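Visitor: I am new to this structure and should like to learn how its features are read. May we take them one at a time?

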Amino acid sequence: MKHVGLNVAADPLYTMSYIGVKGGFVCAVADDPGMHSSQNEQDSRHHAIGAKVPMLEPSDSEECTQFTKLAYELSEKYDTPVLLRLSTRISHSRSLVELGQREERETVKYEKDVMKNVMMPAMARPRHVHVEKRMAELAQWAEGCEINKIEYYSKKRGFICAGTTYNYAREAFGEDASYLKLGMVNPLPVNIIKDFASHVDELYVVEELDSVIEDHCLKNGIKVVGKQIFSMLGEFSQATVKAAVDGTHDQCIEYPEQIPARPPVLCAGCPHRGFYYAIKQFSPYVSGDIGCYTLGASAPLSGVDACICMGASVSALHGYNKALGIESKNSLAVIGDSTFIHSGITGLIDIVYNKGFSTVVVLDNSITGMTGHQNNPANGKTIRGDVTTAVDIEALGRAIGINRITVVDPFDVENVRKVVKEEMECGEVSLIISRRPCALLKGIKHPAPLKVSDKCIGCKMCLNCGCPAISVKKDENGKNRAFIDSNQCLGCGVCTYACKLGAIER
Amino acid sequence: MVKSILIVGVGGQGTLLSSKIMGAVFTDLGYDVKVSEVHGMSQRGGSVVTYVKYGDKVFSPVIEKGQADILISFEQLEAARWMSYLKPDGILITNTQKIDPMPVISGKAEYPCNIIEKISNAGIKTICADALSIAENAGLAKAVNMALLGMAASFMHIDKQIWIDKILSTVPEKTKETNIKAFEEGYSKASE
């Protein structure tokens, strides 16, 4: 899971730490330094410390394999969940892996054990004793384990690193420095760090995000250079490590002019575009969520006012409407089908229960789009693509007590406007399902690309729908004119609503 | 000795497949290889970058400014955006295709003119071709990636047949012929 996914799973994690395991329990969690695709830059090591569970941190694909195996062994030996800390860079890298033999294990039989598995106070108290004892033993194990290892070369500088930062420091300084590579980042060893510190002249801690290792060193009286030169922000590289330590950069040639950015956009033919374009004229407050449709926040659609975490669109809208009263009814929440199932439904129940009047829109494109087209419980296929029961979102809405439920086609822009206006004004809770499959799904038939006729006067109104397939350029007579890229256009027709002259034709 | 190849383009152009083939070729040749890509928030349309590094031992998967031996760009503006990642004596292989980014489409910015000339004048060895036309002539517009891979392969001192075999074992049956045609055309175009 991602770092923010571990927040959702934190509740069971903190108590599973007490219960421990019967078979192995390993949870892989990827942080996202640099926020390539996330809403925050939190450091999951704090969860390992908070939940009092061991955490390993591999530095490449080979170590991901080895450390996962080791994590399962530690899990069983010490009766604990084990976290495997990854990062975007590790998770989005491929490197060589030596494959081992698969070891088959028999499924462990269930045995009732109330003292271990029922965490009422009387049972949890002795389990907390186990947790503290286990972590002390693991701290001892960390001192001598093979994955916390020292590489001595030049002893002028020493770098304490973990995971991907080892690769950056190692590439930046080669054999001109020595390295303590920590494969286990919770609990951290003390003696091995002290030993390493006593052998090098200058000691640095290179860690992305927070100063966890550095704080540990300082607490144990080991003087290190860390966040005073390395940033708390963003992703590191061999270049940032080198620049921070000795101020040098590789030579390069920059392009001589300013370059326009290329932000991610909703695809040509994306059903979300139709919905955002339709509601633009009402300028509603839009409580957004996590998915492709978050991109509706960008100009020119500019259709999202807030985005926090999965499911927050619904509950945050409820808060917005409760705080501001019925005057705030020109507002709605937008949430994808997958995210709605994940954690939108709980907020919707709250709205009904608390007599709210919010309008919640499920942008149902029948897939989990942004993360790479995973199936989900609302589209009738398992994660492996087998046919399964699909959640009926309309029936779900009725079951929790919503009386106003409407399904719209986001490409029917006029109807979306009519329905959204009615539902926002009705003064009671309503659910709109904007339903059309993702344009990139296989097997979807698209109409022919659209064409711009001679009626076009180059007014640029069509650009308001923010479609990457449309641009306005000078024609052969030097006049502005819209062009539609037939390689990209999927014929969705949303732009035909934007053109007041009817110049965009099928 | 580690060689670094940066592949950049626009989401949906097929940059990932070319890095996959490259990584497999270098692996077969016995090198240590790291391939890393980040494609951000969208399925399509954003700037995408893939790092391919190979050598005796590769530590960091990342390529930083001034470190790439070869930059393969699927689009002109992306060539300009990433050219500083080349070593000053590195080679730029670029498609002449232009894809307007949203700030240009919405009129907030202008697409720079004469990009390839400006890069070349800045002192970067630049090899360019209209890879989209090469691909379309081969019979498959999506084979832009193979045309560019062909152009880049002609500078890599690896037997051409090794590339062809790897493409054949990677792409779907029905696109084998067109992909190879695009690769071959790119290869000979860059060798001219």
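Visitor: How many residue pairs are in polar contact between chain A and chain B?

Guide: In this predicted model, 20 residue pairs are in polar contact between chain A and chain B, with both residues at pLDDT 80 or more.

Visitor: Which elements of chain A supply at least two residues of the side that touches chain B?

Guide: They are α4 (88-91), β4 (93-95), α7 (164-173), α10 (238-246) and β16 (470-474) of chain A. The most comes from α7(A), which gives five residues to that side.

Visitor: How many residues of each class does the side of chain A that touches chain B have?

Guide: That side has 24 nonpolar, 19 polar and ten charged residues.

Visitor: How is the size of an interface stated?

Guide: It is often given as the accessible area lost when the parts come together. Here chain A and chain B bury about 4,800 Å² between them, and 59% of this area is on carbon and sulfur atoms. In terms of residues, chain A brings 53 to the contact and chain B brings 59.

Visitor: How many salt bridges are counted between chain A and chain B?

Guide: The count between the two chains is seven. One pair that meets in a salt bridge is Lys65(B) with Glu254(A), at 2.8 Å from N to O. Over all chains, the count comes to 37 salt bridges.

Visitor: Which strand of chain B is joined to β4(A)?

Guide: It is β2(B), residues 32-38; the two strands run antiparallel and three bridges join them. Within this pairing, Ser93(A) stands opposite Ser36(B).

Visitor: Let us turn to salt bridges inside chain A. Are Asp43(A) and Arg45(A) buried or exposed?

Guide: A residue counts as buried under 20% relative accessible area. Asp43(A) has 4% and is therefore buried. Arg45(A), at 1%, is buried as well. Their side chains meet in a salt bridge of 2.7 Å, N to O.

Visitor: Which residues are joined with these two into one network of salt bridges?

Guide: Through salt bridges that share partners, Asp43(A) and Arg45(A) are joined with Asp31(A), Glu57(A), Arg85(A) and Glu207(A).

Visitor: Where do Lys242(A) and Asp246(A) lie with respect to each other?

Guide: Both belong to helix α10 of chain A, and because they are four residues apart, about one helical turn separates them. They form a salt bridge, with the closest N and O atoms 3.4 Å apart. Lys242(A) is partly exposed, at 27% relative accessibility, and Asp246(A) is also partly exposed, at 30%.

Visitor: What parts of the chain does the salt bridge of Arg435(A) and Asp364(A) link?

Guide: The closest N and O atoms of Arg435(A) and Asp364(A) are 2.9 Å apart. This pair links distant parts of the chain, for Arg435(A) is in strand β14 (residues 430-435) of chain A and Asp364(A) is in strand β12 (residues 359-364) of chain A, 71 residues apart. Arg435(A) is partly exposed, with a relative accessible area of 29%, whereas Asp364(A) is buried, at 4%.

Visitor: How should one describe the surroundings of a single residue? Which residues does Arg157(A) touch?

Guide: Begin with its place: Arg157(A) is found in strand β6 (residues 157-161) of chain A. At 15% relative accessibility, Arg157(A) counts as buried. Leaving aside residues up to four places away in sequence, Arg157(A) touches Phe173(A), Ala177(A), Ser178(A), Val200(A), Glu202(A), Tyr204(A), Val245(A) and Asp246(A). With Glu202(A), the side chain of Arg157(A) makes a polar contact of 3.5 Å.

Visitor: Finally, how is a strand read? Why is β1(B) described as largely enclosed?

Guide: In a regular strand, the side chains alternate between the two faces of the sheet. Strand β1 of chain B spans residues 2-10, and seven of its nine residues are buried, so the rest of the structure largely encloses it.

Visitor: Which strands pair with β1(B), and in what sense?

Guide: With β3(B), residues 47-55, the pairing is antiparallel over nine bridges. With β4(B), residues 68-73, the pairing is parallel over four bridges. Ile7(B) stands opposite Thr50(B) in β3(B), and Ile7(B) also stands opposite Ile72(B) in β4(B).

Conventions
Residues numbered from 1 in each chain as written. Chains lettered and ligands numbered in written order. Predicted model: local features only at pLDDT ≥ 70, side-chain atom pairs only at ≥ 80, totals over all residues. Heavy atoms only, no water. Contact = heavy atoms within 4.5 Å. Buried area = accessible area lost by both parts, 1.4 Å probe. Salt bridge = Lys/Arg side-chain N within 4 Å of Asp/Glu carboxyl O. Polar contact = N/O pair within 3.5 Å; in protein donor to acceptor, adjacent residues only side chain to side chain. Nonpolar A, V, L, I, M, F, W, Y, C, P; charged D, E, K, R; others polar. Pairing = 2+ DSSP bridges. Buried < 20%, exposed > 50% of the residue type's maximum accessible area, 1.4 Å probe, protein only.
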